[in-house]
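Colleague: I would like to learn how to read helices, pockets and cavities from a set of coordinates. Please take me through one case.

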Amino acid sequence: MKQKILILPGDGIGKEIVAEAVKVINVLKDDFDLDVELTYGDIGGAAYDADGHPYPPTTQKLAKDADAILLGAVGGYQYDDLPRDVRPERGLLGIRADLELFSNLRPAILNKELADASSLKAEVVAGLDIMIVRELTGGIYFGEPRGIRELENGEKQGYNTLVYKESEIERIAHSAFKIAMKRDKRLCSVGKANVLEVMELWHDVVERVGKEYPEVELSHMYVDNAAMQLVKEPKQFDVMVTGNMFGDILSDAAAMLTGSIGMLPSASLDKNGKGMYEPIHGSAPDIAGQNIANPLATIMSVSMMLLYSLNREDMAERIDAAVERVLQQGYRTADIFIEGIEGTKLVGTSEMGDAVVAALLS
Ligand code: NAD
């Protein structure tokens, strides 16, 4: 049966980069045997303009019906003064909550060709390939009680609550172990069990779930050490799993090891493996409409979609190999172009997409 992909270009460069990713999907459909059907919808500012809401009912229905979703980015200066509940970013939060996308996959991959773009020494990061699995719908960002209260002496006190139920830890652990099974079969669970009881429970539940995945080598690390190790010796990691706040911080640090925001895809999955795939960057209004944005993060988001939601590992490998090839051929968009490196050529968004298509067909 045809699998359905919902395409949500969103705002700013979202439209340009998604158009290049769609070129890639169409080649896999037309010239290989990928059996998918594409539908289109609005989200973010584009949906607000069309329907008065950043995640309107029409998009909600399309999202529920789809097997996987490809999203560009949302946001733009023109929406900055809108009331909070109809701002473009609310569309993103809305779709994540609506589809219960609790498992956020944030790979940090650094292609050998781009090692000079990192602020770390090339030998520390060249060939880096880490996957951070962040719990996305629980933990301290959602825990109750929360607020700012006044103490008896009149001083104000802010408070939040870090809570995880066993069932929440179990499902993110299963998600991470399954991902490790598709990779190098090493999982590092990151917590703070020496100080926080909730992380003691996290540790024990991850251990328990690990019994069901005997092939995966499980280790544990405190978050402060994990932050140090990520910068010192990042290639020691395969998959890392952690809670919402720790994951928020570690995944951004890991992303910057690669030096380039335009190269990193991401995924958010539900418990059945249905997912939304998107580049980690935003809608970049400063460069929108100029055909200079890097479409590779979005194209690699399609590769993740094929691997994690559509079970077409063969197709994912084709895309990864094609991206590798265009970088070897020297194609660079402005964000990854370094003046004076021999054999590289500066190209625009659509030329980069065309180069990936040509590499797929060659
Ligand atoms: P941004 O990621 O959009 O841009 C940061 C910088 O990186 C800019 O200089 C931009 O030109 C550059 N950049 C981003 N993507 C690029 C690409 N593919 N190729 C080349 N250069 C690229 O972050 P921002 O400027 O803080 O936010 C802009 C808008 O995006 C805001 O409205 C924000 O709310 C929104 N945003 C959306 C998402 C999302 O949709 N997931 C994520 C972050 C920010």
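**Reading a helix and the spaces around it**

Modeller: Helix H11 contributes the most to the lining of the largest pocket, with seven residues. Keep in mind that this is a predicted model.

Colleague: How many residues does H11 have, and what is its reach from first C-alpha to last?

Modeller: H11 covers residues 313-328, which is 16 residues, and its end-to-end C-alpha reach is 22 Å, close to the 22 Å expected at 1.5 Å a residue. Just after H11, Gly-330 has a positive phi of about 100°.

Colleague: Which residues of H11 are buried, and why do they line one face of the helix?

Modeller: The general idea first. An α-helix has 3.6 residues a turn, so residues three or four places apart point the same way. In this case, the buried residues of H11 are Met-315, Ala-316, Ile-319, Ala-322, Val-323, Val-326 and Leu-327. Viewed down the axis of H11, they fall within an arc of 135°, so they line one face of the helix.

Colleague: What do those buried residues pack against?

Modeller: Their partners are helix H1 (14-31), helix H10 (296-308), strand S13 (331-332) and helix H12 (349-361).

Colleague: Back to the pocket. What is the volume of the largest pocket, and which residues are closest to its centre?

Modeller: The volume of the largest pocket is about 680 Å³. Of its 30 lining residues, Ile-109, Asp-129, Arg-183, Ser-303 and Asp-320 are the closest to the centre. Strand S4 (103-109), strand S5 (129-135), H10 and H11 are the elements that each give two or more residues to this lining. By class, the lining has 16 nonpolar, five polar and nine charged residues.

Colleague: How many cavities of 30 Å³ or more are there, and what lines the largest cavity?

Modeller: The count is one cavity of 30 Å³ or more. The largest cavity has a volume of about 50 Å³. Its lining includes Gly-139, Leu-162, Tyr-164 and Met-199. Helix H9 (residues 244-257) supplies the largest share of that lining, three residues. The lining divides into six nonpolar, three polar and no charged residues.

Colleague: One single residue to finish: where is Glu-37 found, and what is it in contact with?

Modeller: Glu-37 is found in strand S2 (residues 36-40). Glu-37 is partly exposed, with a relative accessible area of 33%. Leaving aside neighbours within four places in sequence, Glu-37 is in contact with Lys-2, Gln-3, Lys-4 and Ile-5. The C-alpha atoms of Glu-37 and Ala-66 are separated by 9.5 Å, and the two residues are 29 residues apart along the chain.

Key: Residues are numbered from 1 along each chain as its sequence is written. This is a predicted model: local features need pLDDT of at least 70, side-chain atom pairs count only at pLDDT 80 or more; totals for chains, interfaces and linings use all residues. Side-chain values use heavy atoms; hydrogens and water are left out. Helices (H or I, at least four residues) and strands (E, at least two) are DSSP runs, numbered from the N terminus. The expected span of a helix is 1.5 Å times one less than its number of residues. Buried means under 20% relative accessible area, exposed over 50%, partly exposed in between (1.4 Å probe, protein chains only). The arc is that of the directions from the helix axis to the C-beta atoms. Contact means heavy atoms within 4.5 Å. On a 1 Å grid over the protein atoms alone, a cavity is a set of points where a 1.4 Å probe fits but cannot get out, and a pocket is an open set with protein on both sides within 12 Å along at least five of seven lines; lining residues have an atom within 4 Å of a point. Grid points are joined across faces, edges and corners, and a volume is the space filled by probe spheres set on the points. Ala, Val, Leu, Ile, Met, Phe, Trp, Tyr, Cys and Pro count as nonpolar, Asp, Glu, Lys and Arg as charged, and the others, Gly among them, as polar.
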